[in-house]
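Visitor: I should like to learn how to read the features of a protein model. May we look at one together?

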Amino acid sequence: MLEEVIAAFERKDYQTAVTLIKPLLKQSPEDPGVQFYFARLQEVYGKRQEAEKIYRQLLKVTINNKIISQARQGIQRIKDFEQTERQKAIAQAIAEPSNHEPGILVLEPINNQLKTVAAPKFAQIMQIDTYSARLMLPSRSWRVYRTGKIGEMQFYGKQLQQAGIPCFWLKISQIQQIQVHQVQYFSESSPNPKVVCVSSENQLGSLSFDWSEVTAKVVGLLPIFEQVVDINIRGKLERKTQTQDYYQFCDLHLPARRSILRIYDNGYEFQKGLEITPQATQNTIRINWNSLMSWVEQKIPQVKTSSDFQPFGETVLDQTEVLNQIPSHIQLFRRENTNWDAAFQLYSGIVFVKNCSSN
């Protein structure tokens, strides 16, 4: 009977093969040959995932070299088909000129307990192994997982969302277009607050706004690096770059103006403008900063604060292709360039764009 199934396959008479294999599945369900041709029929009728499962099971249980070889060929055939279909879908996704722009795909945090279910799905979609997939799925903060044409990022993003894996995508230009104003000090508080600031074009001026315009607050620490002399394991002196301290940053988002008001502890002139902190000139920067942040918090108690920059930054520092496209708008004196500055702008920019798109 199996020979008749094989003959039906050779003449591509798949309907006859279906009719012939049904009784064989009842009579000899464990027979590797029967299982193989049942998998081939699944493959023929487009049920490739079911076919692949059978092929992989055959590789585990059979010792028949011919069946093993045929099962491997079947798995490769399915992989080749999926790769071809994927390339067609991506080509279609980026066919529009607007979908050629550079973009990023961002994974959102997922509960560790859910990773067991999500990792195999993520691995299949992104064509990586399950172990690597589990490591890539973030549990603490966003992770910039992939960069490329925005159409391609959208293609992968939709597949991930359909699989229950939280993510989103955006164009890098959306972050590049945000205006950043470096706040020197608040000069007025009411009826509308007013800041003296330096624009993205490095021009000193002032900006009046309303607290109701602020829709998000982003805080983060940027490391201060110093050259230090240390003794290595051989007892010799050597110079090292170490983190000595941190600058504190706070971004206030004004989406209606496509602008960010950026404040940082060493750049804010506490002795000028409003007397937010009594005896500002005698206080430490930390005391003055904490007082300023408390004052800001009182003005916008309903505004959400995003404070997951540190874990986000640690995962994005080596993605220079993205960070090189992001002007940091951070005026810090540094002996050496660091990706931390652009990483903060990227993080704040993602918060900005994501909030705009969800409103």
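Guide: Let us begin with disulfides in this predicted model. A disulfide is a covalent bond between the sulfur atoms of two cysteines. Here the count comes to zero.

Visitor: Why does Cys 197 form no such bond?

Guide: The two sulfur atoms of a disulfide must lie within 2.5 Å. The closest cysteine sulfur to that of Cys 197 belongs to Cys 250 and is 15 Å away, so the distance is too great for a bond. For Cys 250, in turn, the closest cysteine sulfur is that of Cys 197.

Visitor: Are these two cysteines buried or exposed?

Guide: A residue is called buried when its relative accessible area is under 20%. Cys 197 has 4%, and therefore counts as buried. Cys 250, at 0%, is buried as well.

Visitor: How do the strands β5 and β6 pair?

Guide: Their pairing is antiparallel and runs over five bridges. As one example, Lys 194 has Ser 208 in β6 as its bridge partner. The two strands form a hairpin with five residues between them. In that turn, Asn 202 has a positive phi of about 65 degrees.

Visitor: What can be said of Ser 199, in the loop between β5 and β6?

Guide: Ser 199 has a relative accessible area of 15%, and is therefore buried. When neighbours within four places in sequence are set aside, Ser 199 is in contact with Val 180 and His 181.

Visitor: Where does Arg 257 lie, and which residues does it touch?

Guide: Arg 257 belongs to the loop between β8 and β9. Its relative accessibility is 36%, so it counts as partly exposed. Apart from neighbours within four places in sequence, its contacts are Leu 207, Ser 208, Phe 209 and Glu 213. With Glu 213 there is a polar contact of 2.6 Å between the side chains. Phe 209 is 48 residues from Arg 257 along the chain, while their C-alpha atoms are 9.7 Å apart.

Visitor: How should one read a helix, and which residues of α1 are buried?

Guide: One asks where the buried residues lie around the axis. In α1, which spans residues 2-10, the buried residues are Val 5, Ala 8 and Phe 9. They cover an arc of only 100 degrees around the axis, and therefore sit on the same side of α1. Glu 3 and Glu 10 are exposed on the other side.

Visitor: What do the buried residues of α1 pack against?

Guide: They pack against α2 and α3. After α1 comes Lys 12, with a positive phi near 60 degrees.

Visitor: How many aromatic pairs does the whole structure contain?

Guide: The search finds 21 aromatic pairs. One of them joins Phe 36 and Tyr 55: the ring centres are 5.9 Å apart and the planes are at 45 degrees, a tilted arrangement. Phe 36 is in helix α3 and Tyr 55 in helix α4, so this pair ties together parts 19 residues apart in sequence. Both residues are buried.

A further pair is that of Trp 142 and Tyr 347, which is tilted because the planes are at 50 degrees, with the centres 5.8 Å apart. Trp 142 lies in the loop between α7 and β2 and Tyr 347 in helix α13, so parts 205 residues apart in sequence are tied together. Trp 142 and Tyr 347 are both buried.

Visitor: Which residues do ring pairs link into a cluster?

Guide: The cluster includes Trp 142 and Tyr 347, as well as Phe 168, Tyr 247, Phe 249, Tyr 264, Phe 309, Phe 312, Trp 340 and Phe 344.

Technical notes
Residues numbered from 1 in each chain as written. Predicted model: local features only at pLDDT ≥ 70, side-chain atom pairs only at ≥ 80, totals over all residues. Heavy atoms only, no water. Helix = DSSP H or I, 4+ residues; strand = E, 2+ residues; numbered from the N terminus. Buried < 20%, exposed > 50% of the residue type's maximum accessible area, 1.4 Å probe, protein only. Contact = heavy atoms within 4.5 Å. Polar contact = N/O pair within 3.5 Å; in protein donor to acceptor, adjacent residues only side chain to side chain. Pairing = 2+ DSSP bridges. Arc of directions from axis to C-beta. Phe/Tyr/Trp six-rings, centres within 6.5 Å; stacked < 30°, edge-to-face > 60°.
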